Amino acid sequence: MSPRNIPPLTYKVVAECSVSKARAGLMTLRHSEVNTPVFMPVGTQGTLKGILPDQLIELNCQILLGNTYHLGLRPGIETLRLAGGLHKFMGWPRAILTDSGGFQMVSLLQLAEINEKGVNFRSPFDNSECMLTPEHSIQIQNAIGADIMMQLDDVVKTTTTGPRVEEAMERTIRWVDRCIEAHARDDDQSLFPIVQGGLDVPLRQRCVSALMERQVRGFAVGGLSGGESKHDFWRMVDVCTDHLPRDKPRYLMGVGFAADLVVCVALGIDMFDCVFPTRTARFGCALVDSGQLNLKQPKYKLDLEPIDKQCECSTCKRYTRSYLHHIATNESVSCSLLSIHNVAYQLRLMRSMREAIQRDEFPKFVIDFMARHFGKDPIPTWIQEALKAVNIELPPAEEKQEKETIKQEKHEQAIEVS
Amino acid sequence: MKFVIESLTKNGGRLGQLHIKDGAPEQRTPLLMQTTKGGSIPCLSADVFESHVTRKPQVLQFTLSTIDQMTEALAQWNRADRGLSDYVGFPGHLNVLLLRDPCEMTPAGGNDRDIQPLFTRRGKESLSPQRYMEMVASLKPDIYQGLCDADTNADSSKKRVQKSVDRTEKFMQYIYENKSKVESALLAPIVGGYNTFARTQSIKHAHEQPADSYGGYVFEGFHTNGLAATTLDASKLLPIVQHCVGQLEEGKPRMVPGAYTPLTTLELIGLGMDLFDTSYAYCAAVNFKALTFTFAQDADAVVHVPFLDITDDANKEDFTPLLKKCDCLSCKKHTRAYLHHLYKTNELLGPILLMIHNLHHYLAFFEAIRQSIASDGLQQLTELVRRQNGDSQVDYGIAPNRKVISKATMGKGFAAAAV
């Protein structure tokens, strides 16, 4: 472990896009260096479903996400302490980020009730009443020992409007102070505050300003990706990155669709997480640039090609779509095989973006990616507007269509978003 | 397919070389075949198997009941002469096609005059000898078993046993007449439950064919697969096997599919059986048991237990490996506490890590068996496995666990648990 005088998180911008707000960075944590922009696969309960830690290292995954709510229940704080933290418990030598547990309370538990003290909920196992306070969340996260941890925030549904949004934002700021106060391992772990404020620009601005007054090493943008319109979504991200400091990493919580990742990198986000790539794998879906292939469809039965000829993952090197079609959602090994491919896809997409930023060719990358991703379909207005806001102009539709007719053959297996 | 006996001792097992096809490595017997489900080694991708279990080329045991739906795709695939193993991610590995999955209980009944039931994930399918040979022609395994009625166990009535022999004879008539249409080597099925007379008849039916009609034997009808094989009464099984072996020529390998316990496996090897599979290692893994029995002759006089029960709460804060001195990935990098956590949370990584350990352990067990035969020590090894340095015989039977990680617990999108 690094000497104590080196902070547990250092971040430096390695390259910036000369057109958009995209940047490539290097974040150095106690357990790993992390090249940003980065996608963090979600290993909810101390394992990325069906994948060995060794396989993740082979994919060059540098940081994983764990869920405090789940880990606090099982194996529990005592076991984690005895094990010497989650890294040792699960055999993962690289970096880990944990959420605060607040989101699961609200998304999983209908009985959750939030007051100034914390989140009141019933345990799903013994139905007893429990209270998750900012202090308690930090205590669990200190036992987990993740390189980066999140403050407990007051989460409201993204579609909520009115005074409740402002109350949640203000409470989130009050709670970050309690979290900082309770944080017992600031030499090893970095606590990120979370920007709230719903879909309201002035609230988001106020929240960012208030959080910037605290001594923190990075920031998360929360309360998005929960069913709001994409139009509101990108504007909120844009407002936050406009005001957040340049020299600290920015983490957008819960975002992981390929097109969203590309847009949000252009808007200046550095870190992402999402269960989608591994969850969709369990449904038999494989990610490709043109969207996703639902391998359960009969048309793949006799398709003797790999998922993606360009992909270098162990699944694409050995298996055909035809074989995967037959085992998807039936043999448990199909979860492992498709999860490997999908995580490899996400990590490769992020690497391509980093490299494009470093060559200062990011705008071209974005334009090419959107053409591949949407094929013959029109590019959604929100993407056009978001990119335009950071000076990336997508080619007008007519021109695109001409190009696409030539490429038509190639795009026959078009997008199949389930 | 060629089989050469290297050494042979009475009740001490036999060492052999199995040459399955030209250009492929020879396999030493007693041989442990890798059982598969849907063409894959259960829970493990080919990459994980080769990285963490073994890089040595294996003999894969495919079961028609779990891959029959792939026949159409394989017919197309094999036009390019690429092979069944290549299709499932194991290019260059040899393979054997069986009818029934030794890992799961085969339902009883459904036997019809001219049709053999095949229990697939879609339910019961009817398999005629004609259809079976068409499928073998499409799948192109290196070796395939003859079609047989093996719906018998220790409790079967005399009538049921006789039916299984008669129906098998009838099916096999068709197979022998048409076997020239496929290139794969054939294993003659020997059935007849626990009845010496019926078994003799079944052997006689095979012997009526010219000696080169088939390359070996497959013994079925002792159990109906799954956990049943782990609890069968060896004192009833072994005399029947001994009776059969006395009537067989030496030059053909003998296969006994199923999850026989390590002890029964050793006793079967002592009687001259050659080919086994990994279904016992699988049955233990899905029921959350890590194999821990010792087979090292020089082991300290410590009493060993047959398995570690991962479900036991005593593992919650036990940060030691599954098995000390084991050098598999699961033991080197993970702990009992972590495996217990994966069990509690229904995580798929649990069975993956247990399969890595159990297969690793079982492959080493078979290596030890071959060495013991070479040094005339099979009986000694059998005694070690029987008592594990203790006073009484160890129970290797596997009881079903209530909470097997099933498709239902793997989250939405995964098909509801079949069978």
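Arg100(B) is buried, with a relative accessible area of 11%. That value falls under the 20% limit for a buried residue. The model is predicted. This report covers the setting of Arg100(B), one helix pair in chain B, and some backbone features in both chains.

**Arg100(B) and its surroundings**

Arg100(B) sits in a loop of chain B, between β6 (94–98) and β7 (116–120). Its side chain makes a polar contact with the side chain of Glu220(B) at 3.2 Å. The side chain of Arg100(B) also reaches the backbone oxygen of Cys148(B), at 3.4 Å. Both partners recur in the wider contact list of Arg100(B), which leaves aside neighbours within four places in sequence. That list also holds Thr63(B), Ser65(B), Thr106(B) and Gln116(B). Gln145(B), Ala150(B) and Asn225(B) complete it.

**Helices α9 and α13 of chain B**

Two packed helices are described by the angle between their axes and the distance between the axes. In chain B, helix α9 spans residues 262–270 and helix α13 spans residues 349–374. Their axes come within 12 Å and cross at roughly 30°. Angles under 35 degrees count as roughly parallel, and α9(B) and α13(B) are therefore roughly parallel to each other. The crossing of α9(B) past α13(B) is right-handed.

Which residues in α9(B) meet α13(B)? They are Pro262(B), Thr265(B), Leu266(B) and Ile269(B). On the α13(B) side, the partners are Tyr362(B), Phe365(B), Phe366(B), Ile369(B) and Ile373(B). The residues of this contact divide into 8 nonpolar, 1 polar and no charged.

**Backbone features**

Two cis peptide bonds are described here, one per chain. In chain A, the bond joins Arg74(A) and Pro75(A), with omega about 10°. Pro75(A) lies in helix α2 (residues 68–83) of chain A. In chain B, the bond runs from Thr29(B) to Pro30(B), with omega near 0°. Pro30(B) is in the loop between β3 (27–29) and β4 (31–35) of chain B.

Positive phi values occur at Asp360(A) and Asn11(B). Neither Asp360(A) nor Asn11(B) is a glycine. The table sets out their values and positions.

| Residue | Phi | Loop | Relative accessible area |
|---|---|---|---|
| Asp360(A) | about 55° | between α13 (333–358) and α14 (362–374) of chain A | 35% |
| Asn11(B) | near 60° | between β1 (2–8) and β2 (14–19) of chain B | 35% |

Are these residues buried or exposed? Asp360(A) is partly exposed. Asn11(B) is partly exposed as well.

Technical notes: Residues numbered from 1 in each chain as written. Chains lettered and ligands numbered in written order. Predicted model: local features only at pLDDT ≥ 70, side-chain atom pairs only at ≥ 80, totals over all residues. Heavy atoms only, no water. Helix = DSSP H or I, 4+ residues; strand = E, 2+ residues; numbered from the N terminus. Buried < 20%, exposed > 50% of the residue type's maximum accessible area, 1.4 Å probe, protein only. Polar contact = N/O pair within 3.5 Å; in protein donor to acceptor, adjacent residues only side chain to side chain. Contact = heavy atoms within 4.5 Å. Axes fitted to C-alpha atoms, helices over the stretch in contact; angles between N-to-C directions. Parallel < 35°, antiparallel > 145°, perpendicular 65-115°, else oblique. Left-handed = near helix turned anticlockwise from the far one by under 90°. Nonpolar A, V, L, I, M, F, W, Y, C, P; charged D, E, K, R; others polar.
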